[in-house]
Amino acid sequence: MWLLGLPWALALLVTAASSGPSAAPPDPASIFADLSAAELRAVRTFLMGRPELGLSPSQGGPLAKNSLFLVELLPPQKRRALRFLEHGGARPPREARAVIFFGAQAEPNVTELAVGPLPHPSSYRPLPFKGGRAVPFSARPMTRLEYELLHGALVAALAPLEPLLLEATGFGFQNCSERCLTFSDIAPRGLGPGERRSWLVIQRFVEGFFLHPAGLEVLLDHRDPEPRRWAVQRLWYNGRYFGSVRELAQSHARGELALARLPEPPARQLFSSYEPRGSFPSGTPTDVHGAKVCEPQGRRYRLRGNRLEYGGWSLAFRLRSSAGLQLFDVRFGGERVAYELSVQEAIAFYGGHSPAAMQTKYMDAGWAMGASSYELARGVDCPETATFLDAHHLLDADGPVRFPNALCVFELPTGVPLRRHFDSDFQGGFHFYAGLEGRALVLRTTSTVYNYDYIWDFLLYPNGVLEAKVHATGYIHATFYTPEGRRYGSRVHSHLLGNIHTHLVHYKVDLDVAGSPGNGDPLRVWGAPELGNPWGAGEGPGQRWDRDRPAPGLTPPLTCRRYHLAVTRRHENEPSSSSIYSQNDPWDPPVTFESFIRDNETIEDQDLVAWVTVGFLHVPHAEDIPNTATPGNAVGFFLRPFNFFSEDPSVASRAAVIVRPLDPPLCSRLHVQRWTPASPGPCVHPEPFTYNGT
C-alpha cells in the first residue's frame, strides 16, 4: 500500500527500566521481555559495523543492496528458560533475531541471524529454518523504499491514462498535490514461486480511500531489482481487460470505452468518514458521556515490567514486531498452566470478479501485523482507567521507533455475574441470595494492517479461565462494482462492491499444566458416546467421559468449521506456524504448518503444542459502511480448568455479596455480608480526551 506522506518505518517493545549496579535483580519474566530501544540500537550498530555483511541504510539507495530489515527478541530455548525459572539455573543468554535482505549479490536471498549476547552484542550465527530451507529474495516483505519506487513506476506508466482518470474521477496522478489518486496492493504477488507481480487497485485519496476505487486495476511486475525494468503487464477497467496502457488509452480516445464516472465527493459527511450524520428516532441523548469503567479504590492488578499479576494469575508478555502478542510462563495460583500462548497468523481469503479481488489472500504476518500497533485512544480503544504501555519496533527503519500507548491493561466489568444464586423458599421469601461480580483483566493491543483493524485481547477471569479473543473492524477490502461482481459479494454503495471473504486466525498454545512439559495427559478432547438412561428405559441418551484427572480444556467456537485444533510434539525448530515470508511466497514457504502434523510422530507422554484456528465468514453489507463493527465480528477460544482445582478458585475473591433474612419467612430484616467497602465512591475520570497518533 502506498500512502501519500505515510512512512512505513516501524519497530517494537514494551519499555523496561535498565538495572543499575544497586538495583534489585530483574524479574525472571524479563527473559521474555522485548528488546529495549537501547538493545535494538546496539544490535543494529553491531551488524552495520560488520564488513563481511556489507550493510547499507534501509532508507534510500537501490533495491539491490544488503540491508537490515527487522530486529526483535529471539526467545530463549524452552529447556534453558525452565531451568532458570524452576531451578534457579543460569539466566539464559539474551539474544536478538535479525532479518537481513542480501540483495547486492549474485544470488540474492533473505537470511536470519541470532545476535548476542545482549546488551553488548559481539557475535552472530545463522538461524536456519526447519529442513535448512532458504528464503528467496522474491519472498521478502515489502519495504518503504520498494513502495516509493512502485509509486513512481506506476505514475510514470499511467501518464497516458491521465485524461481518462481526470474525466472519470476528477482525480489524477500527474504533478499531484491535492485531488490525488493512490493505490492498494494485493498479495500474493503472482501465480507461482519467484514472481513479484502485484495487482494495484487505484483509488481516490480521500478520507477512507479504501472505499473509493476508481474502477481501474493494474498488474505491475516489479521482480527485477532495477526499477527501470519494471512494467505494466495488464489492466482491468470497469469489467474489461486490456493488454497495455496504450490499448486502454486508445479505447478511451476513440470513444469506445464505457467510462465509469464517479460523483464528486462532498466536502462534509463523506460516506466513508466517521462524521456523525442522521439521528436516532428515540431522541435519547448521544451527545453526553455514556457509562464508564472506574477503579474507585485503585487498581487490583500489578504490572512490573513485562510481568502482569491479577488475582491468582501471573504471566509474562511481549509484543513481537512480526506477529503480535505472546504470553509466556502463564500461571494460576503459582502453578504453570501454559509455557506459551501466542498469536501466529491472521489470514483473509477473498472472492471476486475483478482480478485484484480474486487474487487477494492476505497473510498478515507478512505485513508485520505486530508492528502495526498504533496508538490506543484513552476512553475509546481502552477505558480511561487503563494502564498504557509504549512499544519500540525496529522494522524497515534505520533505528528503533517508539509507538506510544501501543498496549493497554485494564480491569473490565463484564456486566454479568461470575456466578450467582437466589435460593427461594417457594413461599414468597428466600433462604439467601449470593453473587460474585463479574470482572476480567484485559491485555489488549491492535493491528491496523492497512484497511483492517484487529483488536487482540487476552482476558483473565478470577475462576481460572483464560480467553483469547480477536475483534475485526476497520474498512472492508472493497473493489469497484460491476454487475458480474454481485456473485462474490454485496453492493454496499453506488460504485462499491464488498467482497466476500473468510477470516482465519491461528494461535499457539503450549500447555504445561502444573509445570510439567510432558503434557500429553492434560490436553484432552472428549467424545460424547450415547448411553441408555439407566433409570428410565427409552427416556433418551446421556453423555459421559471416562476420566477425571486434572486438565484444561480447549473450547473452540462454532463459527470456524474446519481444523479447529491440531496437536503436535513441541520442537525448537517449529516455533511458529507461519512466517513473514509466506505472504509473498505461499507456494513454497520456508515454514509449512502441514509438515508439523504430517510427520507421524507419537504424541503420547510428550511435550505438546495445541494449534488453534478460529475464524468467520464475512459477507459485507451496507452496514459495514463506514467501518465493520465489532459486535458479531469477534472470535476466540477459552482455556478452562477441568478438575484442576478442588473448587472454583474465585472463592478467594472478596468481591462476593451474601444476603440472608434474619426473620424468615417474613424477610423484613436482612443481613448483608460484603468484604469490600460499602460504597465504591466517585467514579469519574477528570482528564479531557487527548490523542497524539504519531
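How many nonpolar, polar and charged residues does the lining of the largest cavity have? By class, there are 13 nonpolar, four polar and two charged residues in that lining. Keep in mind that what you are looking at is a predicted model. Let's start with the chain as a whole and then work back to that cavity.

**The chain as a whole**

The protein chain has 694 residues, and 52% of them are buried. Its secondary structure adds up to seven helices and 34 strands. Take the contacts between residues with a separation of 6 or more: 65% of those come from residues 24 or more positions apart.

**Spaces inside the model**

If you go looking for cavities of 30 Å³ or more, you'll find eight. The largest cavity has a volume of about 190 Å³. Its lining takes in 19 residues, and Tyr362, Val449, Tyr450, Asn451 and His477 lie nearest the centre. Four strands each supply at least two lining residues here: S7 (181–185), S8 (197–204), S16 (335–350) and S23 (452–460). Where does the largest cavity sit with respect to domain 2 and domain 3? Both domain 2 (144–254) and domain 3 give residues to the lining, so the largest cavity lies between them.

The second largest cavity holds about 110 Å³ of space. Look for Leu63, Lys65, Ser67, Phe101 and Thr143, which lie nearest its centre among the 13 residues that line it. Strand S2 (residues 66–74) gives the largest share of that lining, with three residues. Sorted by class, the lining splits into seven nonpolar, three polar and three charged residues.

There is also an open space to explore. The second largest pocket has a volume of about 1100 Å³. A total of 43 residues line this pocket, and Leu74, Pro75, Glu572, Pro575 and Ser576 lie nearest its centre. Several elements give two or more residues to the pocket lining, among them S2, strand S3 (95–102), strand S14 (313–320), strand S15 (324–332) and helix H7 (594–597). The classes here come to 18 nonpolar, 11 polar and 14 charged residues. Domain 1 (28–127) and domain 3 both contribute to the lining of the second largest pocket, so this pocket lies between those two domains.

Here are the three spaces side by side.

| Space | Volume | Lining residues by class |
|---|---|---|
| Largest cavity | about 190 Å³ | 13 nonpolar, four polar, two charged |
| Second largest cavity | about 110 Å³ | seven nonpolar, three polar, three charged |
| Second largest pocket | about 1100 Å³ | 18 nonpolar, 11 polar, 14 charged |

**A closer look at His503**

Now for a single residue. His503 lies in strand S28, which covers residues 501–511. Is His503 buried or exposed? His503 counts as buried because its relative accessibility is 2%, and the cut-off for buried is under 20%. The side chain of His503 makes a polar contact of 3.1 Å with the side chain of His501. Another polar contact, of 3.3 Å, links the side chains of His503 and Tyr454. Setting aside neighbours within four places in sequence, His503 touches Ile347, Ala348, Tyr452, Tyr454, Val614, Gly615, Phe616 and His618.

**Backbone oddities**

Which peptide bonds should you check for a cis form? One of them runs from Leu118 to Pro119, with omega near 15°. Pro119 sits in the loop between strand S4 (109–116) and strand S5 (123–126). The bond from Ile625 to Pro626 is cis too, with omega near 5°. You'll find Pro626 in the loop between strand S31 (608–618) and strand S32 (634–642).

Tyr450, which we met near the centre of the largest cavity, isn't a glycine but has a positive phi of about 65°. Tyr450 belongs to the loop between strand S22 (439–449) and S23. With a relative accessible area of 16%, Tyr450 is buried.

Asp396 is not a glycine either, and has a positive phi of about 50°. Asp396 is in the loop between strand S18 (387–395) and strand S19 (401–413), and at 3% relative accessibility Asp396 counts as buried.

**Out at Arg487**

Finally, head for the loop between strand S25 (478–480) and strand S26 (489–493), where Arg487 lies. Arg487 has a relative accessibility of 71%, so it counts as exposed. How far apart are Arg487 and His353 in sequence and in space? They are 134 residues apart in sequence, while their C-alpha atoms are 7.9 Å apart in space.

How values were computed: Residues are numbered from 1 along each chain as its sequence is written. This is a predicted model: local features need pLDDT of at least 70, side-chain atom pairs count only at pLDDT 80 or more; totals for chains, interfaces and linings use all residues. Side-chain values use heavy atoms; hydrogens and water are left out. Buried means under 20% relative accessible area, exposed over 50%, partly exposed in between (1.4 Å probe, protein chains only). A polar contact is a pair of N or O atoms within 3.5 Å; within protein, one must be able to donate a hydrogen and the other to accept it, and residues adjacent in sequence count only if both atoms are side-chain atoms. Contact means heavy atoms within 4.5 Å. On a 1 Å grid over the protein atoms alone, a cavity is a set of points where a 1.4 Å probe fits but cannot get out, and a pocket is an open set with protein on both sides within 12 Å along at least five of seven lines; lining residues have an atom within 4 Å of a point. Grid points are joined across faces, edges and corners, and a volume is the space filled by probe spheres set on the points. Ala, Val, Leu, Ile, Met, Phe, Trp, Tyr, Cys and Pro count as nonpolar, Asp, Glu, Lys and Arg as charged, and the others, Gly among them, as polar. Domain bounds come from an automatic or database domain assignment.
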